[in-house]
Amino acid sequence: MKNLKIGICGWGNVATGLYKTIKNNYDQITSNGNLNIDIAVIGARRDNPKCDPTNVKIERNIFDVINHDIDVVVELIGGVDTARELILTAIKNKKHVVTANKAVIFNHGNEIFKEAHNNGVRVLYESSVCAGTPAIKILSEELAANKIRKITGMLNGTSNFILSNMEEGANFASTLALAQKEGYAEPDPTFDIEGMDAAHKIGILSSLAFRTSLPPNDFYIEGISSIENIDFKYASEMGYTIKHLAIAKKNKESVELRAHPVLIEKIQYLANLKSVRNGIEIETDLLGILHVAGSGAGQESTASGIISDLVNLANSEKNTSNIDDHKIIPLADFLKLTFQYYIYIEADDIPGVMASITSTFADKKIGIETIVQKEELKEGIVPIVIITDPFLESENAELIKKIDELDSVKKVRSIRIEPF
Ligand code: HSE
């Protein structure tokens with residue numbers, strides 16, 4: 001049985017969760033994982049009142065952790081620049097690295113994996129996507145024989161927690177505060193609610209699935225902050241719910257990458273994952289469609305993924321990073337994609353308002369599948385809900401602008417409908 005000496009860098013929510021899980025589930029981990037985990041040192045800039053590390057050595061300068069007699073640096077400080085420096089320093093000092101940090105892997109993975117290869121150490125990052133719900137090793141190992149066509153991921157636990165609570169009538173801001181209290185959200189929650197966290201994760205999955213370098217971050221990214229409770233009501237009446245999805249699809253010469261809110265039919269698998277759950281739908285040639293789902297954020301789920309990396313380090317020599325930094329595949333042009341849209345409009349309840357809206361569509365030669373005027377919201381203002389025919393993304397911004405410019409229109413927003 002291998003003895004793995006680890007140094008934990010960071011002492012926040014995730015790190016203390018890891019410490020507690022190793023203590024609480026020690027026998028389970030040792031017998032299933034065939035390893036002893038020895039927490040030799042913790043790098044903590046300050047104490048954390050929620051967790052007493054008893055007699056484990058504490059370093060106030062996290063870089064001092066690397067000088068200890070350890071096999072692995074577990075990087076849980078978050079952020080990008082210092083995390084990159086810490087990981088690269090650990091690698092140069094011949095320490096393996098385990099990290100849950102998707103931002104640093106997305107932004108600097110190409111450099112980090114190259115350095116790890118040159119120094120004969122491994123960098124594992126299972127918890128960077130979907131926390132402990134298996135995603136990285138599934139793509140790298142279990143699906144190795146498969147050609148993957150498409151990954152559709154619900155990859156941000158905080159967004160799903162907010163959306164599924166809003167669906168039940170909860171308010172956006174108070175649900176976000178609850179997600180922060182539960183330890184689901186990033187230190188800067190704009191990463192969650194503006195889609196960047198999911199974008200980092202789909203970028204990582206895409207590179208693993210299609211064996212390419214990590215992509216640039218200039219693909220289409222949109223968050224959930226403009227969605228309102230009433231959108232769930234109208235979406236539901238038409239058989240849809242609203243989720244935040246991140247997509248990676250292999251085309252002939254390019255990869256389609258995008259992360260944004262969508263309407264999806266309630267009958268779809270991902271539509272039924274609520275709260276902090278994450279889910280991934282993987283289209284493969286040998287297995288058909290594979291679904292993976294589980295808790296996508298929080299202390300325990302993240303600890304589970306980090307420990308799976310430690311088990312892997314102790315029992316395998318294989319490098320789980322199949323990211324190929326030489327193979328750069330161009331991103332597909334988002335503006336050339338085609339979507340149906342849900343469009344929500346608030347307009348004056350006056351004769352001719354429907355005609356002015358439909359003529360805006362006609363001018364742009366965009367078809368309407370359904371248009372319904374709903375019950376008056378307040379005196380003189382009615383909501384109008386439209387489902388469009390499919391049209392080119394490049395037409396969308398201009399269409400919404402033209403509708404917004406109509407005198408009778410007070411508010412307009414749109415959400416893409418995801419085809420399955
Ligand atoms: N803030 C992230 C989320 C944590 O909500 O999914 C897990 O990566």
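These questions and answers deal with a predicted model of a protein.

Q: How do you know that the size of the protein agrees with that of a compact globule?
A: A compact globule of 420 residues would have a radius of gyration near 22 Å, and the protein has 24 Å, which agrees. Along its principal axes, the C-alpha trace spans about 80 × 50 × 35 Å.

Q: What makes up the protein in terms of helices and strands?
A: The protein has 13 helices and 17 strands.

Q: What share of the residues is buried?
A: Buried residues are 54% of the 420. To be counted in that share, a residue needs a relative accessible area under 20%. The accessible surface of the protein is about 17,800 Å², and 48% of that surface belongs to carbon and sulfur atoms.

Q: What share of the contacts joins residues at least 24 apart in sequence?
A: Among contacts between residues at least 6 apart in sequence, the share is 73%.

Q: How far apart are the mean positions of the positive and negative charges?
A: The protein has 45 positive and 57 negative charges, and their mean positions are 4 Å apart.

Q: How do you know that the span of helix H11 agrees with its number of residues?
A: H11 covers residues 299-315, which is 17 residues. At 1.5 Å a residue the expected span is 24 Å, and the end C-alpha atoms are 24 Å apart, so the two agree. Among the buried residues of H11 are Ser-301, Ile-306, Asp-309 and Leu-313.

Q: How do you know that the span of helix H1 agrees with its number of residues?
A: The twelve residues of H1, 13-24, should span 16 Å at 1.5 Å a residue. The end C-alpha atoms of H1 are 16 Å apart, which agrees.

Q: Which residues of H1 are buried, and what covers them?
A: Ala-15, Thr-16, Gly-17, Leu-18, Tyr-19, Thr-21 and Ile-22 are buried. Their cover includes strand E1 (2-9), helix H2 (26-33), E2, strand E4 (72-75) and H11.

Q: Why is Ile-417 called buried or exposed?
A: The relative accessibility of Ile-417 is 7%, and the limit for buried is under 20%, so Ile-417 counts as buried. Ile-417 lies in strand E17 (residues 409-417). Not counting residues up to four places away in sequence, Ile-417 touches residues including Tyr-240, Leu-263, Phe-339 and Ile-387.

Q: Why is Phe-339 called buried or exposed?
A: Phe-339 has a relative accessible area of 3%, under the 20% limit, and is therefore buried. Phe-339 is in strand E13 (residues 338-348). Beyond four places in sequence, Phe-339 touches residues including Arg-258, His-260, Pro-390, Phe-391 and Ile-417. Phe-339 and Phe-391 are 52 residues apart in sequence, with their C-alpha atoms 5.7 Å apart in space.

Q: Why is Thr-54 called buried or exposed?
A: Exposed means over 50%, and the relative accessibility of Thr-54 is 54%, so Thr-54 counts as exposed. Thr-54 is in the loop between strand E2 (35-43) and strand E3 (57-59). The phi of Thr-54 is near 45 degrees, a positive value in a residue other than glycine.

Q: Why is Arg-211 called partly exposed?
A: The relative accessible area of Arg-211 is 25%, which is neither under 20% nor over 50%, so Arg-211 is partly exposed. Arg-211 lies in the loop between helix H9 (196-210) and strand E8 (220-221). Phi of Arg-211 is near 55 degrees, a positive value in a residue other than glycine.

Technical notes. Residues numbered from 1 in each chain as written. Predicted model: local features only at pLDDT ≥ 70, side-chain atom pairs only at ≥ 80, totals over all residues. Heavy atoms only, no water. Helix = DSSP H or I, 4+ residues; strand = E, 2+ residues; numbered from the N terminus. Expected span 1.5 Å × (residues − 1). Buried < 20%, exposed > 50% of the residue type's maximum accessible area, 1.4 Å probe, protein only. Rg over C-alpha atoms; globule rule 2.2 N^0.38 Å. Contact = heavy atoms within 4.5 Å. Areas by Shrake-Rupley, 256 points an atom, 1.4 Å probe, with all protein chains shown as cover. Lys, Arg positive; Asp, Glu negative; His and termini not counted. Charge placed at Lys NZ, Arg CZ, Asp CG, Glu CD.
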